Amino acid sequence: MRIGAHVDATDPLHEAALRKADAVQFFLTDPQKDWKAPQPREDAALLRASEVDIYIHAPYVINLATTNNRIRIPSRKLLTSHAEAAAAVGAKGLVVHGGHVNAGDDLAVGFDNWRKAFVQAAETGGHRTPVFIENTAGGDNACARRFDNLARLWDAVGDYGVGFCLDTCHAHAGGEDLLDVVDRVKAITGRIDLIHANGSKGDFNSGQDRHDNLGSGTIDPELVVEVIRAAGAPVIVETPGGVDGQAADIAYLRDRLGR
């Protein structure tokens, strides 16, 4: 079982060494506002050759579900460009949020928009890096907050080889109990490809996407350990506190999991 952290993109391998991490996740562009395709990285060969597992997180601006053409169509292009750039650094997966529709829109249209995105990609050979859809914490119009909606999303995209990333903070804040979350997710998706092992500053069902360290917040850290143990998937902590905070979380998980 590989355990790592979300780190700054400047020198991911150095960040991994500081945290004694087996894996790193990072952004290739500004996640909040950049609609441009990622530029080639000078360290691409080093990343590909490293024993550290690489994961890329897609920008938050991507929303493949929306009915807004000015967002949905560029989102498809941006996801494709990030999948290509992620392949260039040897990434094992590209994590993207489940997206949402606008208030008043039919969620069924959002699920079908997801399907169309994968159909379009399949027509040109598919995404060059496996895409992992991540559950989200908030929003009444979200495609992957509530697991009943996640099931509808998987009905739309499950035949296209898409993976799943389970975020413990998002599940807790989104109103999904962690006690049996792995069984319920696998009953829907058949797989969990990556765990985002995060504590939560927000309460259960608060809808607040506010990560905390594993020894703090509103989630019993032993529950997070049990989720990881049950899933048997690689782990990324996206917790605060920089090197010290994340290194402590990684060490805690290794100790509890006997890794």
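This report walks through a predicted model, from its barrel of strands to its pockets and two loop residues.

## The barrel

Start with the overall frame. Eight strands close into a barrel, in the order S1-S2-S3-S4-S5-S6-S7-S10, and the pairing is parallel. From one strand to the next, the twist averages 25 degrees. Strands of a sheet pair through backbone hydrogen bonds, and the pairing can be parallel or antiparallel.

Now follow some of the pairs. Strand S1 covers residues 3–6, and 3 bridges join S1 to S2 in a parallel run. Here His6 stands opposite Gln25 in S2. S5 and S6 also run parallel, joined by 3 bridges. Across that pair, Ile133 has Phe164 in S6 as its bridge partner. Next comes the pairing of S6 (residues 163–167) with S7 (residues 194–196), again parallel and over 3 bridges. There, Asp167 stands opposite His196 in S7.

## Two covered strands

Which way do the residues of S6 point? Gly163, Cys165 and Asp167 point one way, while Phe164 and Leu166 point the other way. All of them are buried. In S6, then, 5 of 5 residues are buried, and the strand is mostly covered.

Strand S2 (23–26) is covered on both faces. Ala23 and Gln25 are buried on one side. Val24 and Phe26 are buried on the other.

## Phe132 in strand S5

Phe132 is found in strand S5, which spans residues 131–134. Is Phe132 buried or exposed? Its relative accessibility is 5%. Buried means under 20%, so Phe132 counts as buried.

What does Phe132 touch, leaving aside neighbours within four places in sequence? One group of contacts is Lys92, Gly93, Leu94, Val95 and Val96. Gly163, Phe164 and Cys165 are also in contact with Phe132. Tyr55, Asp193 and Leu194 complete the list. Take Gly163 from that list. Phe132 and Gly163 are 31 residues apart along the chain, yet their C-alpha atoms are separated by 4.2 Å.

## Asp53 in strand S3

Asp53 lies in strand S3. Its side chain belongs to a charged residue type. Even so, Asp53 counts as buried, at 13% relative accessibility. Leaving aside neighbours within four places in sequence, Asp53 is in contact with Arg2, Asp22, Ala23, Val24 and Lys92.

## A helix across the strands

Helix H3 lies across three strands: S3 (53–57), S4 (93–97) and S5. H3 runs at about 155 degrees to S4.

## The pockets

Rolling a probe the size of a water molecule over the atoms shows where empty space is left. The largest pocket has a volume of about 260 Å³. Its lining has 16 residues. Which of them lie nearest the centre of the pocket? They are His97, Gly99, His100, Thr136 and Gly138. The lining divides into 5 nonpolar, 10 polar and 1 charged residues.

The second largest pocket holds about 190 Å³ of space. Two helices, H3 (69–88) and H4 (107–123), each supply at least two residues of its lining. H3 gives the most, with 4 residues. The lining of this second pocket includes Arg76, Leu79, Thr80 and Glu84. Also among its lining residues are Ala117, Gln120 and Ala121. By type, the lining divides into 4 nonpolar, 5 polar and 3 charged residues.

## Two loop residues with positive phi

Most residues other than glycine have a negative phi. Two loop residues in this model have a positive phi.

Lys20 lies in the loop between helix H1 (12–19) and strand S2. Its phi is near 55 degrees, a positive value in a residue other than glycine. Lys20 has a relative accessible area of 66%. Exposed means over 50%, so Lys20 is exposed.

Asn205 sits in the loop between strand S8 (199–200) and strand S9 (211–212). Asn205 is not a glycine, but its phi is positive, at about 65 degrees. With a relative accessible area of 35%, Asn205 is partly exposed.

Note on methods. Residues numbered from 1 in each chain as written. Predicted model: local features only at pLDDT ≥ 70, side-chain atom pairs only at ≥ 80, totals over all residues. Heavy atoms only, no water. Buried < 20%, exposed > 50% of the residue type's maximum accessible area, 1.4 Å probe, protein only. Contact = heavy atoms within 4.5 Å. 1 Å grid on protein atoms, 1.4 Å probe; cavity = no way out; pocket = protein on both sides within 12 Å on 5 of 7 lines; lining within 4 Å. Points joined across faces, edges and corners; volume = space filled by probe spheres on them. Pairing = 2+ DSSP bridges. Axes fitted to C-alpha atoms, helices over the stretch in contact; angles between N-to-C directions.
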